[in-house]
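Let's take a walk through this structure together, beginning with a pair of strands and ending with the outline of a whole chain. Keep the viewer open as you read.

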Amino acid sequence: MIKIGLEIHCQLTNLESKLLCTCKADYRGFGTNENICPVCMGLPGSLPRLNREAVKNAMMIAMALNCTVPEKIAFFRKNYFYPDLPKNFQITQLNIYGPTSVGGPGYVMLGKKKIGLLRIQLEEDPGRIIYEGTSKNMVTLVDYNRAGTPLVEIVTEPDFESPRQIREFVNILSDLFENLGVADPSLEGAMRADANISIHGGKRVEIKNIGSFHDLEKAAHFEITRQESLHSRDMEIAQETRHWDDQRKITTSSRSKEEALDYRYFLEGDIPWVRVEQDLMDELRSEMPESISSKRGRYVSELGVPDQVADVLSSDKFYSDLFEKSQTGSNAKEIANLITTDLMGLVDTREKRTASKVTATHLRDLADSILAGRISRSSAKDALYEMVKSGKDLDQVVSEMDLGNVSDESEIEKVVLAVVAKEPLAVEQAREDPKALNYLVGKVMKITRGKADPQITMSLVKKAINV
Amino acid sequence: MNLRISALEYAEGVQNGSISAEDFVAGTLEHIAKVDEKIHAFLSVYDGAVDRARDIDKKIRSGEKVGACCGMPISVKDNICIRGEKTTCASKMLEDYVSPYDATVISRLRDEDAVFVGKVNMDEFAMGLTTEFSAFGPSYNPWDTSLTPGGSSGGSAASVSAFECVASLGSDTGGSVRNPASFCSVVGYKPTYGLVSRYGLISYANSIEQIGPLARTVKDTAFLLDVIAGPDPHDNTTVKGGGRYLPGIESGIEGKKIGIVSEMTGEGTDPAVASATSDAISRLEGLGATCETVSLDMVKYSVAAYYTITATEAGSNLARYDNLRYGYDLGVEGYEFNSYVEKARSRFGPEVIRRMILGGFVPSAGHAGRYFLKALKIKSKLAREVGGAFEKFDLLLSPTVPMLPFEIGAKIDDPVSLFLVDINTVTANLTGRPAISVPFAVSGKRPIGMQLMADSMCDAELLQAAFALEQTVRLPEVPL
C-alpha cells in the first residue's frame with residue numbers, strides 16, 4: 001500500500017508585482033539583484049505592503065479547488081535563518097489559530113478517486129542561492145530577484161496511491177491554473193514540490209526540491225521503487241528527508257541532519273487581517289472564469305460535442321477559448337473535431353502555439369465550408385496547416401492551394417466517363433448491386449484528389465451506367 | 001540668537017521676517033557644538049542644515065510659498081531612516097549603515113520644509129529606558145547631567161530640553177517617547193496605533209510601537225502631528241479618519257470625565273510624584289473636569305506581558321541583521337552560514353542579546369502556551385478593560401513614570417527593576433491607545449510628567465486636555 005501526500009508550491013506568475021512590494025512578480029530576465037527594493041531586501045525600517053491581487057488570485061485557486069474560504073485571512077511569520085531569506089523570516093499562512101489561510105479543506109476528483117486538500121496558503125518566495133566554484137572552493141551567491149514573488153502552496157492529504165494519480169492531479173492543477181489565468185507552471189522555476197511517501201504503513205520519507213510537475217511523478221516513482229526494494233529485503237526504511245537530484249533523477253539522503261526546526265510562528269502584525277466580505281466573494285465569483293467541468297458539461301449537453309472530445313477541449317484554455325470564439329452552434333461539433341483531431345497535432349508545443357496564426361474566424365469558415373460541402377475534410381486539414389503557418393484567410397488558401405470542391409458537372413463528367421470506360425467489370429457489378437456504385441465514386445474521388453462533390457459525382461455515375 | 005522659543009513661535013517669526021531660518025539653524029548648530037559634549041544627545045550632526053535653512057530664507061524673500069515648518073531645526077531618533085544618512089539604532093551592528101530611502105515621517109516633514117539637524121541617541125534598537133544601552137555611550141539629562149534623560153528616546157528628549165532643536169521625532173514602544181519626555185520636562189506624544197506611518201522606523205516590536213513627536217509645548221506637538229499623521233500606502237497598518245490636531249486645541253476640558261488609574265498611582269509611587277499627581281487632579285477639576293478613581297486590574301500583569309510580546313517580536317525583527325546584505329566589515333571567507341551569523345551578531349549589545357534570547361524562548365514550541373500566548377491573552381484582557389474604562393471616562397490620568405529621574409548607573413545592572421519603570425506607560429502601547437506626557441512639576445532638579453491617555457482615534461481630544469493642563473503649569477527654566 002502506497003501513501004503519498006504532496007506540498008505543491010506554484011508562483012502566481014501572471015501578477016504584475018511581488019506579494020509585498022512593487023517589484024516585478026516576473027523576475028525572469030533581470031540581471032542579478034536588479035529586481036529588488038528596500039522591502040523585498042528586508043532593509044531596516046521597511047514594511048510589507050500586501051498585494052491585494054495576489055490575495056484574490058489565491059482565493060480564486062482555493063475556490064476552484066472546492067476549498068472553504070475563511071472570514072478573515074491572516075499572515076504569519078515563519079522564523080528561520082537561511083541566506084535566501086532577506087528578513088530571516090518568511091511571511092506565510094497557517095491555520096493553528098483557526099482557519100485563516102486563503103483556503104481551508106477542499107478536494108480534487110481524479111475520476112472517482114477523491115484527493116483531499118488540507119489547505120491553500122499564500123506566501124513569499126525566497127531568493128535564489130547559486131553555488132559556484134569547485135567543491136574545494138565553493139562560493140555561495142544569492143540572487144534576491146525572486147524574493148517576495150507570490151507563491152501559492154497547496155497541501156494535500158496523503159491520498160495518492162500511485163505516481164499515475166500524481167500525474168493526473170498535476171495535469172488537473174496545470175489546466176486549472178491556466179484556465180484561471182493565474183499561473184503558468186511550465187515556466188522555469190515556477191513550480192516546486194515536496195512529497196511525503198510511505199509504503200506498507202511504514203515510516204514517512206519526505207522528498208524535497210522537486211522542480212517540475214514532470215519530475216514529481218518521476219521522483220515518486222523512484223522513491224517507491226527504492227522503498228519497495230528495501231522492504232522486500234526486510235531492510236528498515238528510515239524516516240528522513242531526501243533530496244531530489246534532478247540531474248541524476250534519483251533521491252538522495254540529505255547529508256546534514258536536519259534538526260526539527262522550531263519556527264516560532266506568530267501573527268505578522270505589519271499586515272492587518274483581510275476581512276473577506278461577501279462583496280469580495282461575489283466579485284471573485286463574477287471574475288472567475290467558468291470551471292473546466294462546467295465547460296465540459298456545457299459542450300456535451302448544449303453543443304452536442306461527444307464526451308471524449310469535450311473532455312480534451314475543455315481542459316485546455318487555449319483550445320477552449322478558440323472553440324468558444326469560433327463556434328456558432330450548428331458548427332460546434334465540426335469545430336471541436338477540427339481542433340481535437342487536426343489543430344492539436346499542428347500546435348503541440350508552447351513555441352508552436354505562440355507562433356500559430358490560426359484564429360477563431362479561420363476555424364469557423366473552415367467548419368462552415370465542410371458542412372456546406374465546399375471543401376472535403378482532408379483538404380480542410382491541408383488548409384488548416386496553411387492557416388496556422390501563414391494566417392491567410394480561407395478563400396486565399398483554397399484558391400492558392402486549389403483545395404475547393406469541384407462542382408462543375410461537365411468537369412466531373414469527364415472523369416466519370418473515363419472511369420466507366422476503364423472499369424467495365426465494376427460497371428457490370430454496379431448495375432446488379434447498387435452498393436458497388438461506391439467503388440466507382442471512390443475512383444472518381446481519387447482522381448480528383450477528393451475535391452469532386454460526392455453527391456454530384458454519384459448522380460453522374462448513375463447516369464453514365466444507366467442505373 | 002534666542003533659541004528658547006517654541007516651534008510655532010519660530011514658524012511665526014520666520015514668516016513675519018523677525019527670524020532668519022539660516023541664523024536660527026546656524027545658532028542651533030553652534031549651540032549643539034557647545035553643549036552636546038555634556039549632553040551627548042547627538043550621534044550625528046548635519047552641518048549642511050544651514051544650507052537648507054538658507055534656501056528657506058531665499059524662498060521667503062522672493063515671495064515663494066514655504067512649508068509650515070519654515071526650516072525649523074528638528075532632530076531625529078537614530079532608528080528613523082533618512083536617505084543618504086547613517087541610521088545606526090545606536091548599535092555596533094549598524095554602525096556604518098546608510099539608509100537608501102526616507103521614512104514616511106521624514107518625507108512629510110521635508111515636504112513642509114523642516115530642516116534635520118542630526119540623529120539623536122537612544123538605547124540600542126530602542127531597548128531600554130535610560131539610553132545607557134546605546135553602543136555609543138549614554139546621553140545626559142540637561143536638568144542635571146548626573147541623571148539619566150530616560151529612554152529609549154533619551155537623545156530626542158535631551159536635545160529638545162537643551163535647545164539643540166525645536167522639536168524631535170522619537171519612537172514609543174512601551175513609553176520610549178513619554179518616559180524621557182517626563183524625565184527631561186518636555187512634551188512627548190504616543191499617537192493612536194496606526195495614526196502615524198512606521199515606514200522607515202526600524203522595528204523593535206512592530207505591533208505596538210509608534211513614532212511620536214517630542215516638543216516644548218502641547219501646541220507644537222499637535223502641529224507636528226498634523227504634519228506627520230495620516231494614511232500611508234507604505235504602511236498597511238495606518239488608519240484613515242484622523243483629523244487635524246492644532247485647530248481647536250484650546251477647546252478646554254469642561255465637563256470631561258477623567259479616570260485616575262489606581263494601579264498607576266498607588267504603592268511604589270515616589271511621594272513627590274504622588275503629590276504632583278494629586279495636584280494635577282485638583283487643577284483638572286478646577287478646569288471643570290470631574291475626576292474619579294478607576295481600577296484596571298490587568299495593569300499588574302501588563303509589564304510582564306509587554307516584555308514577553310516585545311521580546312518575541314524583537315527576536316524576529318532583529319533576525320535580519322545577519323550582516324549578509326548590509327552591516328559592517330566582516331569577511332565571510334571560511335565561515336559556514338550559521339557560524340558566520342553567530343559571529344556577526346556578537347556585535348549586539350547586552351540588552352539586545354538578553355531580549356533576543358528571551359524572544360527565542362517565550363514563543364518557542366512547548367513554552368509558547370506558558371508565556372507568549374498567555375501574554376497575548378493578557379493583552380486582549382487589558383484592551384477589554386481599557387475599552388470598558390473609556391465607556392465611562394473620556395481620559396485616564398497617571399504620572400508618566402512613578403519615580404523621579406534617577407542617576408545614570410543606578411539601575412543598569414538590575415534589568416528587572418528597570419522594567420518596572422514602564423508600569424504606567426506600556427498600557428497605551430498594548431492597547432493601541434494614544435497617550436501624552438506633559439511637564440508638570442520639578443522636584444529639586446528632577447522633572448515630573450503627567451500622563452493622559454484617551455481612547456483610540458481621540459487624539460485631538462487628548463491634545464486638547466493636555467493643552468488645558470499645560471496652561472495651569474509654570475515651570476522653572478532648565479538650568480543649562
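In what sense do strand E10 and E11 of chain B pair, and over how many bridges? Before answering, please keep in mind that this is a predicted model. Strand E10 (residues 435-443) pairs with E11(B) in the antiparallel sense, and eight bridges link them. To find your place in this pairing, look for B:Val442, which stands opposite B:Pro447 of E11(B). The two strands form a hairpin with two residues between them, and there B:Gly444 takes a positive phi near 65°.

E11(B) has another partner too. Strand E9 (residues 395-399) of chain B is joined to E11(B) by five bridges, and these two strands run antiparallel. Here B:Pro399 is the residue to look for, as it stands opposite B:Met450 in E11(B).

Now turn to the surroundings of E11(B). Strand E11 covers residues 446-454 of chain B, and nine of its nine residues are buried, so the strand is largely enclosed by the rest of the structure. Both of its faces are covered. On one side sit B:Arg446, B:Ile448, B:Met450, B:Leu452 and B:Ala454, and on the other B:Pro447, B:Gly449, B:Gln451 and B:Met453, all of them buried.

Next comes a helix in the same chain, H12(B), made up of residues 372-392. Its 21 residues reach 31 Å from the first C-alpha to the last, close to the 30 Å expected at 1.5 Å a residue. Buried residues in H12(B) are B:Phe372, B:Ala375, B:Lys379, B:Leu382, B:Val386 and B:Phe390. Why do they lie on the same side of H12(B)? They cover an arc of only 75° around the axis, which puts them there. The general background is that an α-helix has 3.6 residues a turn, so residues three or four places apart point the same way. The buried residues of H12(B) pack against two helices of chain B, H9 (299-317) and H14 (426-431). On the face turned away from that buried side, you will find the exposed residues B:Arg384, B:Gly388, B:Glu391 and B:Lys392.

Finally, zoom out to chain A, which holds 16 helices and 15 strands. Its radius of gyration is 30 Å, well over the 23 Å that the globule rule gives for 467 residues, so chain A is more spread out than a compact globule. Along the principal axes, its C-alpha atoms fill a box of roughly 95 × 55 × 45 Å. Of the 467 residues in chain A, 41% count as buried.

Key: Residues numbered from 1 in each chain as written. Chains lettered and ligands numbered in written order. Predicted model: local features only at pLDDT ≥ 70, side-chain atom pairs only at ≥ 80, totals over all residues. Helix = DSSP H or I, 4+ residues; strand = E, 2+ residues; numbered from the N terminus. Expected span 1.5 Å × (residues − 1). Buried ≥ 20, exposed ≤ 12 C-beta atoms within 10 Å, placed from the backbone. Arc of directions from axis to C-beta. Contact = placed C-beta atoms within 7 Å. Rg over C-alpha atoms; globule rule 2.2 N^0.38 Å. Pairing = 2+ DSSP bridges.
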